[in-house]
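Trainee: Before I use terms such as core, edge strand or pairing at the bench, could we go through what justifies each of them here?

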Amino acid sequence: MKAIKHIVTLALIATFIFSCKNEKNPEVKTVEVETEVVKKIDPNATFAKAEFTIDGMTCQIGCAATIQKKISKMDGVKSATVDFDKKLAMVEYNEAKVTPTTLEEAVAKVSDTYKVSDMKTVENFSTKKACSADCKKDCCANKDKKTCEPGCEKACCKDGAETNGKMACKADCKKACCTKEKKEA
């Protein structure tokens, strides 16, 4: 019995001796932190505006926002907006640092599923969604007719049908209310 007590006591002492390590070097972990870098815009740069369609996006946050963030971080990009609903990207960039090809490559680097098409340089960004040629919606039903101002009493408007609260002019109407120019007050 004494032998068993001695063996158990020695085992406990050995366990405590070998399990207690007094290391003076603490464990160091490296954590990467994303920092926001403020881009400097060259005031003497020549900026161009480009619009292009991005096919393959399936959601607003995961796709469109990711592409927008990637393009915005490019050196030489002043602003970038990606509209998921219109599948349209609008980018203002420094022509000396960025080209339409580099914009296309940046989108492709986000994912192979995104395809850029209809790349064009514009003076002003589009604000309205363009309808397709075969659109059957009310807004596109009377494309060939001009719209009169509400309350127009001219003959061309009295004969037209009412659409969206406005009277539709005849296609050949040349009166002031049916032209695209605004009346001067």
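The turns below take up these terms one after another.

Mentor: Keep in mind that this is a predicted model, with five helices and six strands in the protein chain.

Trainee: What makes E1 and E4 a pair of strands?

Mentor: Two strands pair if at least two bridges are found between them, and E1 and E4 are joined in the antiparallel sense over six bridges, so they satisfy the definition. One of the bridge partnerships is that of lysine 49 with valine 122 in E4.

Trainee: Why are E2 and E4 called edge strands?

Mentor: In the open sheet of four strands the order is E2-E3-E1-E4, with antiparallel pairing, and E2 and E4 (115-122) are its edges because each pairs on one side only. From one strand to the next, the twist averages 20°.

Trainee: How do you know that H3 packs on the sheet?

Mentor: Contact means heavy atoms within 4.5 Å, and in that sense H3 touches E1, E2, E3 and E4, while its direction makes about 150° with that of E4. H2 lies across E1, E2 and E3, and runs at about 165° to E2.

Trainee: What makes a set of residues here a nonpolar core, and which members touch the most others?

Mentor: The members must be buried, that is, under 20% relative accessible area, and joined through side-chain atoms within 4.5 Å. The largest such core has 22 residues, of which Phe52, Ile54, Ile71, Val77 and Leu103 touch the most other members. Elements giving two or more residues to this core include strand E1 (47-55) and helix H2 (60-72).

Methods. Residues numbered from 1 in each chain as written. Predicted model: local features only at pLDDT ≥ 70, side-chain atom pairs only at ≥ 80, totals over all residues. Heavy atoms only, no water. Buried < 20%, exposed > 50% of the residue type's maximum accessible area, 1.4 Å probe, protein only. Axes fitted to C-alpha atoms, helices over the stretch in contact; angles between N-to-C directions.
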